[in-house]
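Open the model in your viewer and keep the sequence beside it. The tour goes from one selection to the next and says what is there at each stop.

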Amino acid sequence: MTVSNILLMRVLGALPARADATVRAASIFTRAKFVFSNLTLAIPVAQWLVAHFL
């Protein structure tokens, strides 16, 4: 389970109260997860393109 998922579970556990700081932190971790996931695919493709076309 990732940090963002744990934070989101805490948000759900706090309902009906608001947990704005926890939501903000979960959002940051989720964005980072997507950025690094995309980079995991993009970097090898970019290296392959450079090696074969430059």
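How far apart are the end C-alpha atoms of α1, and what span should its 12 residues have? This is a predicted model, so the answer is a value computed from predicted coordinates. Select the two end C-alpha atoms of α1: they are 17 Å apart. At 1.5 Å a residue, the helix should span 16 Å, and the two values agree. The expected span is 1.5 Å times one less than the number of residues.

**Stop 1: the buried side of α1**

Stay on helix α1, residues 3-14. Select S4, L7 and V11, which are buried residues of this helix. Now look down the axis of α1: its buried residues fall within an arc of 65 degrees, so they line one face of the helix. What do the buried residues of α1 pack against? Show α2 as well, since the buried residues of α1 pack against that helix.

**Stop 2: the other side of α1**

Turn the model and select R10, L12 and G13. These residues are exposed, and they are on the other side of α1.

Next select I6, which also belongs to α1. Is I6 buried or partly exposed? I6 counts as partly exposed because its relative accessible area is 40%, and the partly exposed class runs between 20% and 50%.

Keep I6 selected and add M1, M9, L12 and L15. Together with I6, these residues form a nonpolar patch on the surface. The accessible area of the patch is about 570 Å² in total.

**Stop 3: the loop**

Move along the chain to P16, in the loop between α1 and α2. Select L15 too, and look at the bond between the two residues. L15 and P16 are joined by a cis peptide bond, with omega at about 10 degrees.

**Stop 4: the salt bridge**

How many salt bridges does the structure hold? There is one. To see it, select R18 and D20, and show their side chains. R18 pairs with D20 in a salt bridge, and the closest N and O atoms are 3.0 Å apart. R18 is classed as exposed because its relative accessibility is 71%. D20 is classed as partly exposed because its relative accessible area is 39%.

**Stop 5: T22 in α2**

Helix α2 covers residues 20-53, and T22 is part of it. Why does T22 count as buried? Its relative accessibility is 18%, and buried means under 20%. Now show what surrounds T22. Apart from its neighbours within four places in sequence, T22 is in contact with L7, R10 and V11. L7 and V11 were selected at the first stop, as buried residues of α1. R10 was selected at the second, as an exposed residue on the other side of that helix.

**Stop 6: distances from α2**

Go on along α2 and measure between C-alpha atoms in the viewer.

- Select S27, in helix α2. S27 counts as partly exposed, at 26% relative accessibility. S27 and L7 are 20 residues apart in sequence, and their C-alpha atoms are 9.1 Å apart in space.
- Select I28, also in α2. I28 is exposed, with a relative accessible area of 52%. Between I28 and S4 there is a C-alpha separation of 8.0 Å, for 24 residues in sequence.
- Select R31, another residue of α2. R31 is exposed, at 56% relative accessibility. R31 and S4 are 27 residues apart along the chain, with 9.2 Å between their C-alpha atoms.

End with V35, in helix α2. V35 counts as partly exposed, at 46% relative accessibility. What separates the C-alpha atoms of V35 and R18? The distance is 27 Å, and the two residues are 17 residues apart along the chain.

Technical notes
Residues are numbered from 1 along each chain as its sequence is written. This is a predicted model: local features need pLDDT of at least 70, side-chain atom pairs count only at pLDDT 80 or more; totals for chains, interfaces and linings use all residues. Side-chain values use heavy atoms; hydrogens and water are left out. Patches are made of residues with over 30% relative accessible area and no salt bridge: like charges are joined within 9 Å, nonpolar side chains (Val, Leu, Ile, Met, Phe, Trp, Tyr) within 5 Å. Accessible areas come from the Shrake-Rupley method with a 1.4 Å probe; for residues, only the protein chains shown count as cover. A salt bridge is a side-chain nitrogen of Lys or Arg within 4 Å of a carboxyl oxygen of Asp or Glu. Helices (H or I, at least four residues) and strands (E, at least two) are DSSP runs, numbered from the N terminus. Buried means under 20% relative accessible area, exposed over 50%, partly exposed in between (1.4 Å probe, protein chains only). Contact means heavy atoms within 4.5 Å. The arc is that of the directions from the helix axis to the C-beta atoms.
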